[in-house]
Amino acid sequence: LSPLATAASSDPTSVEPSDIKAAEDEVDVALKAAAVADKKAAKAETAAKKANSVAVSANEEAAGAQQRVKKEGAAVVLNAERASELAGTAKTDADNAVTASETITEDGTSKESAAAKELATQVTAEGEKAKMKGDAAKTAGDDAKTAIDTATADGASPDEIAEAVTKIDEAKEATTAAKKQTERTHDFTKRLKQATKEAAKAEKSKEDYDTWLASHQDD
């Protein structure tokens with residue numbers, strides 16, 4: 001029998017003081033063990049509450065991120081498409097300006113024609129860059145749309161939502177690059193048109209001079 005059982009036997013006269021002491025020690029050990037178990041249980045409950053709170057917070061954050069992705073993403077995709085269209089238009093305008101300029105400067109010998117020819121080469125290059133960056137914006141917008149559709153579907157994972165955020169940022173950057181190049185192309189195209197006007201004036205003046213010179217050959 002254990003000390004506790006001995007101390008609790010039905011015959012009090014047979015219980016020794018040492019048995020009582022041993023029984024008290026056993027009770028103390030049991031109480032301490034119970035206290036430790038209570039503390040562990042309390043800690044476990046606190047940890048569970050924290051874990052639950054974190055999970056709830058994560059779910060709320062994910063839901064909020066989904067809404068942001070959905071709302072911002074749609075605008076970003078549209079902006080990328082628009083930037084691509086405008087870049088394409090800028091290239092067309094640039095090519096048209098070059099063609100028009102060449103009709104004036106192709107046989108031109110003035111310094112104005114030389115300047116316009118040089119500028120036309122630059123405009124062609126800027127137009128190509130605009131088209132390339134416009135295409136890149138369109139591709140980035142399409143990639144973002146695919147990622148957004150995945151991220152805003154029911155049961156989307158945090159990784160899928162994060163991927164959509166990344167793709168949205170990439171589409172923004174590509175759109176900004178396309179817009180800048182479009183503006184740059186427009187600027188060079190405008191300068192070419194002005195240079196072409198100057199070349200036309202110079203070539204016309206030269207033609208007038210040549211005509212005058214020919215008519216006075218016999219003087």
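**A first look at the cores and three buried residues**

1. A good place to start is the largest nonpolar core: among its 18 residues, Val-69, Ile-148 and Ile-161 touch the most other members. A nonpolar core here is a set of buried Ala, Val, Leu, Ile, Met, Phe, Trp, Tyr and Cys residues joined through side-chain atoms within 4.5 Å. Helices α2, α3 and α4 (158-215) each supply at least two residues of this core. The helices are DSSP runs (H or I, at least four residues), numbered from the N terminus. There is also a second, separate core of 11 residues, which includes Ala-94, Val-123, Leu-192 and Ala-199.

2. Before going on, please keep in mind that this is a predicted model: local features need pLDDT of at least 70, side-chain atom pairs count only at pLDDT 80 or more, and totals for chains, interfaces and linings use all residues. Residues are numbered from 1 along each chain as its sequence is written, and side-chain values use heavy atoms, with hydrogens and water left out.

3. Val-69 is worth finding on your screen. This residue sits in helix α2 and counts as buried because its relative accessibility is 2%; buried means under 20% relative accessible area, using a 1.4 Å probe and protein chains only. Leaving out residues up to four places away in sequence, Val-69 touches Ala-74, Ile-148, Ala-151, Thr-152, Ile-161, Ala-164, Val-165 and Ile-168, where contact means heavy atoms within 4.5 Å. Val-69 and Ile-168 are 99 residues apart in sequence, yet their C-alpha atoms are 8.1 Å apart in space.

4. Ile-161 has its own set of partners. Not counting residues up to four places away in sequence, Ile-161 touches Ala-62, Ala-65, Gln-66, Val-69, Ala-151 and Ala-156.

5. Next, take a look at Lys-91, in helix α2 (residues 17-105). With a relative accessibility of 15%, Lys-91 counts as buried. Its side chain is joined to that of Asp-95 by a polar contact of 2.6 Å. Such a contact is a pair of N or O atoms within 3.5 Å; within protein, one must be able to donate a hydrogen and the other to accept it, and residues adjacent in sequence count only if both atoms are side-chain atoms. Beyond neighbours within four places in sequence, Lys-91 is in contact with Gly-127, Glu-128 and Lys-131.

6. Finally, Ser-110 belongs to the loop between α2 and α3 (111-151). Ser-110 is buried, at a relative accessible area of 13%. The side chains of Ser-110 and Glu-203 make a polar contact of 2.7 Å. Apart from residues up to four places away in sequence, Ser-110 touches Ala-199, Ala-202 and Glu-203.

Key:
Buried means under 20% relative accessible area, exposed over 50%, partly exposed in between (1.4 Å probe, protein chains only).
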